[in-house]
Amino acid sequence: MSRLLHLSDTHFGTELPGVCDALERLVAGVRPEVLVLSGDITQRATAAQFARARAWLDRLPVPHRLVIGGNHDIPLFDLAERLRHPYRRLSAAFGPEREPRLNLPDWQVLTLDTTRWWRHRDGTLSRAQIARTADTLQAAAPGQIRVVVTHHPLHVTRIGDEVHRPTHHRKALSAWAGAGADLLLSGHVHLPAVVPVAVEPEVSRRLWSVQAGTAVSHRLREGIPNSVMLLEALSDGHHGRQCCCETWQCPPEGGAFRRVASQLLALSPLRG
């Protein structure tokens with residue numbers, strides 16, 4: 001079955017060359033079919049930082065790549081650019097589509113832009129984004145693992161991180177769980193985590209939150225090394241759809257990414 005590599009918060013401009021090299025070697029070894037970068041590509045949204053990020057990503061041998069922006073990918077100190085063309089540098093590096101989608105036999109991957117040019121750090125989901133995503137989830141093909149990607153997390157594991165959830169996150173959780181979502185991928189808080197999500201009002205589906213940590217930057221949190229998440233779609237006639245989620249970490253000085261955790265995620269039966 002196919003693999004999806006989830007990384008986030010590369011923060012080019014603060015990247016660690018040894019960790020970048022180690023992640024290139026990991027990708028060459030595990031050969032994922034899909035790569036998802038869930039925002040904060042750069043540290044200060046400069047053209048040079050976007051160019052370095054694009055050049056590095058182009059060296060990774062992955063057939064399908066989905067990249068979305070984070071709050072750091074909007075110019076902060078260049079106020080004229082932030083007001084007039086906040087996403088111009090991001091679009092120049094990665095194309096004009098800010099919410100790319102992907103349909104493969106094993107994966108339906110939907111990305112959403114939770115940034116807004118008038119917000120420095122906080123995220124937002126509009127009602128239109130929530131409804132559009134729910135409609136697309138319901139149209140997924142049988143056998144696909146249904147994945148929703150945002151930069152800001154809809155679910156967090158620590159009380160202090162609750163402020164980082166985008167507006168309308170509860171409405172989104174309820175709508176997307178009811179529409180058949182399986183996995184929520186995010187970044188922003190720089191802490192890796194794989195946890196089940198309780199949805200209110202209660203929805204009788206298993207929904208998992210997969211947070212990627214700091215991929216290649218020195219902007220680490222709580223001493224946790226650079227990390228990425230590797231997802232593998234699994235299926236058999238006895239246990240139904242499943243997904244294996246592995247956490248891979250690398251020391252700041254580089255060397256090699258090593259698998260430090262592996263979790264089998266049981267997914268709810270398909271409705272169609």
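**View A. Arg31, just after helix H1, takes a positive phi of about 50°.** What you're looking at is a predicted model, in which local features need pLDDT of at least 70 and side-chain atom pairs count only at pLDDT 80 or more, while totals for chains, interfaces and linings use all residues. Residues are numbered from 1 along each chain as its sequence is written, and side-chain values use heavy atoms, with hydrogens and water left out. Helices (H or I, at least four residues) and strands (E, at least two) are DSSP runs, numbered from the N terminus. H1 has 14 residues, so at 1.5 Å a residue it should span 20 Å, and its end C-alpha atoms agree by sitting 20 Å apart. That expected span is 1.5 Å times one less than the number of residues in the helix. Along H1, the buried residues are Val19, Cys20, Ala22, Leu23, Glu24, Leu26, Val27 and Val30. Here, buried means under 20% relative accessible area, exposed means over 50%, and partly exposed is in between (1.4 Å probe, protein chains only).

**View B. The largest nonpolar core takes in 34 residues.** A nonpolar core is a set of buried Ala, Val, Leu, Ile, Met, Phe, Trp, Tyr and Cys residues joined through side-chain atoms within 4.5 Å. Leu7, Leu23, Trp56, Phe94, Val228 and Phe257 have the most contacts inside this one. Two or more core residues come from each of strand E1 (3-7), helix H1 (17-30), strand E2 (34-38), helix H2 (47-58), helix H4 (88-94), strand E10 (226-236) and strand E11 (240-250). The most generous of these is H1, with seven residues. Zoom in on Leu7: setting aside neighbours within four places in sequence, it is in contact with Leu23, Leu35, Val36, Leu37, Ser38, Trp56, Ala212, Ala215 and Val228. Contact means heavy atoms within 4.5 Å. There's also a second, separate core of 25 residues, and it includes Trp107, Ile145, Val149 and Leu183.

**View C. Glu246 and Arg259 form a salt bridge, with the closest N and O atoms 3.1 Å apart.** This pair ties together distant parts of the chain, with Glu246 in strand E11 and Arg259 in strand E12 (residues 258-266), 13 residues apart. Glu246 is buried, at 10% relative accessible area, whereas Arg259 is exposed, at 52%. For the record, a salt bridge is a side-chain nitrogen of Lys or Arg within 4 Å of a carboxyl oxygen of Asp or Glu. Searching the whole structure turns up 13 of them.

**View D. More charged pairs: Glu81 with Arg88, and Asp58 with Arg65.** Side chains of opposite charge can pair when their charged atoms come close. In the Glu81–Arg88 bridge the closest N and O atoms are 2.8 Å apart. Glu81 counts as buried at 9% relative accessibility, and Arg88 is partly exposed at 44%. The Asp58 and Arg65 side chains meet at 3.0 Å, N to O. Both ends here are partly exposed, Asp58 at 44% relative accessibility and Arg65 at 33%. Elsewhere, Arg158, Asp161, Arg221 and Glu222 are linked in a salt-bridge network.

**View E. Val199 sits in the loop between strand E8 (193-196) and strand E9 (208-211).** Loop or not, Val199 counts as buried, at 8% relative accessibility. Beyond its neighbours within four places in sequence, Val199 is in contact with Leu173, Ser174, Ala177 and Leu207. Val199 and Ala175 are 24 residues apart in sequence and 9.5 Å apart in space, C-alpha to C-alpha.

**View F. Asp40 and His168 are not glycines, yet Asp40 has a positive phi of about 50° and His168 one near 65°.** Asp40 lies in the loop between E2 and H2 and is buried, at 2% relative accessibility. His168 belongs to the loop between strand E6 (145-149) and helix H6 (169-179). His168 is partly exposed, with 30% relative accessible area.

**View G. Zooming out, the chain has six helices and twelve strands.** Of its 272 residues, 57% count as buried. Its C-alpha atoms fill a box of roughly 50 × 40 × 35 Å along the principal axes. Among contacts between residues at least 6 apart in sequence, 74% join residues at least 24 apart.
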